[in-house]
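Here's a quick briefing to read with the model open beside you. Take it one topic at a time, and find each residue on screen as you go.

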Amino acid sequence: MLSREDNEMLTRTDADTPMGRLFRSYWLPVVLAEEVSTPDCAPVRIKVLGEELLAFRDSTGQVGVIEPRCPHRGANLFFGRNEEGGIRCAFHGWKFGVDGECLDMPTLDAAAVPRMCQKARIKAYPAREWGGYVWAYMGSETVPPPMPDMEFALVPASHRHVSKKFQECNWAQAAEGGVDTAHFSFLHQPVDRSGEQLHEKAARATRGYSQQTMSSEHVQWMRDDTRPRYEVRKHDSGLVLGASRRAAPGQSYWRIAQYLMPCHGYTPSATPGQTYHGQTWVPIDDESCWVYVYSWNPERPLTEEEIRGYRSGGAVYPEMDDRWMPLRNRSNDYLIDRQMQKSENFTGIVGVSEQDAAIQDSQGRIADRTRELLGPTDIGVVQFRRLMLESAKALAAGEQPPGLASPASYRVRAGGIVADAPLAFDEVMQRRFGDPLGRF
């Protein structure tokens with residue numbers, strides 16, 4: 001468990017908090033590029049780390065992330081006109097560019113405009129389009145750090161799919177679900193734990209995720225061995241977390257996840273040639289977050305069938321409305337079906353993403369970690385918390401956070417492998433990825 005003070009530090013991300021300053025040291029995705037898809041399109045309201053902002057794309061195609069308040073009379077620039085290289089306030093026509101510079105003041109004499117425009121500059125964060133998202137740097141450094149070399153952003157656009165989903169809990173408990181691979185033995189399993197048609201039952205329980213990434217043997221091994229053995233290694237940009245289960249005689253089934261600073265996670269199931277999946281948990285405020293979800297294949301373009309499945313709520317994606325709100329959510333108890341829970345799957349909830357969200361949200365808007373009783377399968381969660389708390393404290397002491405100056409350290413992969421039981425974790429990593437930390 002955590003002390004109350006450490007739980008506060010882990011979960012609070014406003015600008016004046018240690019964790020908030022840590023998050024602001026990195027580039028963060030803040031909106032889908034498709035939400036501001038064309039020059040002069042409508043601006044989009046966003047909220048990041050408790051801060052109300054506005055994202056837009058100007059006439060030249062540049063993206064901007066700015067404060068939405070016009071300094072003249074306080075009107076919200078969301079209602080402004082995106083035209084001719086900037087957002088023009090609908091109240092009196094003051095106009096602002098993607099860098100926050102005031103470009104025009106039609107209510108003033110021309111001679112006074114240059115001097116007054118300097119005073120009217122609004123807050124603007126550096127913004128870049130990268131891997132299908134618009135990212136913002138909300139930190140204090142004049143020169144932002146380099147963008148992280150996350151593989152989904154490095155592959156051609158045809159090799160990836162990106163989306164997002166709204167989640168109604170603090171970012172940290174959603175992220176903890178990503179590093180806790182032990183829960184697959186229960187949360188995502190069919191309720192009938194006999195071997196007959198287990199793979200098909202697991203596919204229905206997870207809406208295709210287990211079918212795409214695991215064989216029937218993999219599912220059976222997770223069903224049969226509910227106490228995976230964890231190995232965790234720290235690297236320059238985060239953690240690699242391996243969990244092994246008993247497989248066929250003399251073998252172990254390893255599921256290996258990556259957690260990358262400050263809030264990115266890669267799922268642990270893909271075998272060579274399969275499509276990889278990842279998530280980034282960006283706080284909206286302390287009680288909700290956007291989960292940016294992405295899938296990529298470094299070897300081939302994604303198929304139309306894969307993309308249709310993702311868009312309709314397959315694999316790690318939930319069924320959503322046109323505002324990225326999952327159809328199964330806190331307001332309707334995730335459409336839990338008690339009969340289904342007795343006869344079909346362990347939760348009575350459809351979809352691996354929805355099952356994760358239901359359990360993570362159920363811990364409360366902000367989980368009270370002072371009341372936990374942790375065990376050996378929680379080692380990954382413990383190491384995640386330690387990494388985040390130590391990084392926040394180190395930053396407060398003037399040290400640079402992990403991965404900030406080394407974008408290449410984000411070039412890592414996650415995935416699964418069946419290996420001889422005597423092999424140590426480093427040897428398993430070498431065999432699966434050609435590197436003990438999963439670097440490529």
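Let's start with one serine: S391 is buried, with just 5% relative accessible area. Keep in mind that this is a predicted model. S391 sits in helix 12, which runs over residues 379–396. P401 comes ten residues away from S391 in sequence, and their C-alpha atoms are 5.7 Å apart in space.

**The largest pocket**

- The largest pocket holds about 480 Å³ of space. It has 17 lining residues, and the ones closest to its centre are E35, R45, K164, W290 and R323.
- What kinds of residues make up this lining? Eleven are nonpolar, six are charged, and none are polar.
- Three strands each give the lining at least two residues: strand 2 (44–48), strand 12 (160–167) and strand 18 (288–296). Strand 2 has the largest share, with four residues.
- Both domain 1 (28–137) and domain 2 (151–433) have a hand in this pocket, as each supplies at least three residues of the lining.

**Strand 2 and its sheet**

- Look along strand 2 and you'll see the side chains alternate. V44, I46 and V48 point to one face and are buried, while R45 and K47 point to the other face and are not buried.
- That's a handy example of a general pattern: in a regular strand, side chains alternate between the two faces of the sheet.
- Strand 2 runs antiparallel to strand 3 (residues 51–57), and five bridges join the two. One spot to look at is K47, whose bridge partner in strand 3 is E52.
- Strand 3 also runs antiparallel to strand 4 (residues 63–66), this time with four bridges. Here F56 has G64 in strand 4 as its bridge partner.
- What is the order of the strands in this open sheet of four? The order is 2-3-4-9, and the pairing is antiparallel. Strand 2 and strand 9 (124–125) are the edge strands, so called because each pairs on one side only.
- What holds such strands together? In general, strands of a sheet pair through backbone hydrogen bonds, either parallel or antiparallel.

**Backbone oddities**

- The hairpin of strand 2 and strand 3 has two residues between the strands, and L49 takes a positive phi there, near 55 degrees. L49 isn't a glycine, and it is buried at 1% relative accessible area.
- A315 also has a positive phi, about 55 degrees, without being a glycine. You'll find A315 in the loop between helix 9 (304–312) and helix 10 (338–343). Is A315 buried or exposed? A315 is buried, with a relative accessible area of 1%.
- M261 and P262 are joined by a cis peptide bond, with omega at about -5 degrees. P262 belongs to the loop between strand 15 and strand 16.

**The second largest pocket**

- The second largest pocket has about 350 Å³ of space. Its lining counts 18 residues, with E176, G177, D180, I359 and Q363 closest to the centre.
- Helix 5 (171–179), helix 11 (352–362) and helix 12 each provide at least two of the lining residues.
- By class, this lining splits into five nonpolar, five polar and eight charged residues.

**Cavities**

- How many cavities of 30 Å³ or more turn up in the whole structure? There are three, and the largest has a volume of about 320 Å³.
- The largest cavity is lined by 27 residues, and G177, G178, T267, Q279 and D356 lie nearest its centre.
- Several elements give two or more residues to this lining, among them strand 12, helix 5, strand 15 (251–260) and helix 11.
- The lining of the largest cavity has eleven nonpolar, twelve polar and four charged residues.

**Cysteines**

- How many disulfides does a search of the whole structure find? It finds zero.
- C70 is in no disulfide: the nearest cysteine sulfur belongs to C89 and is 4.0 Å away, whereas a disulfide needs the two sulfur atoms within 2.5 Å. C70 is buried, at 1% relative accessible area.
- C169 is in no disulfide either, and its nearest cysteine sulfur, from C289, is 5.2 Å away. C169 is buried too, at 0% relative accessibility.

Methods. Residues are numbered from 1 along each chain as its sequence is written. This is a predicted model: local features need pLDDT of at least 70, side-chain atom pairs count only at pLDDT 80 or more; totals for chains, interfaces and linings use all residues. Side-chain values use heavy atoms; hydrogens and water are left out. On a 1 Å grid over the protein atoms alone, a cavity is a set of points where a 1.4 Å probe fits but cannot get out, and a pocket is an open set with protein on both sides within 12 Å along at least five of seven lines; lining residues have an atom within 4 Å of a point. Grid points are joined across faces, edges and corners, and a volume is the space filled by probe spheres set on the points. Ala, Val, Leu, Ile, Met, Phe, Trp, Tyr, Cys and Pro count as nonpolar, Asp, Glu, Lys and Arg as charged, and the others, Gly among them, as polar. Domain bounds come from an automatic or database domain assignment. Buried means under 20% relative accessible area, exposed over 50%, partly exposed in between (1.4 Å probe, protein chains only).
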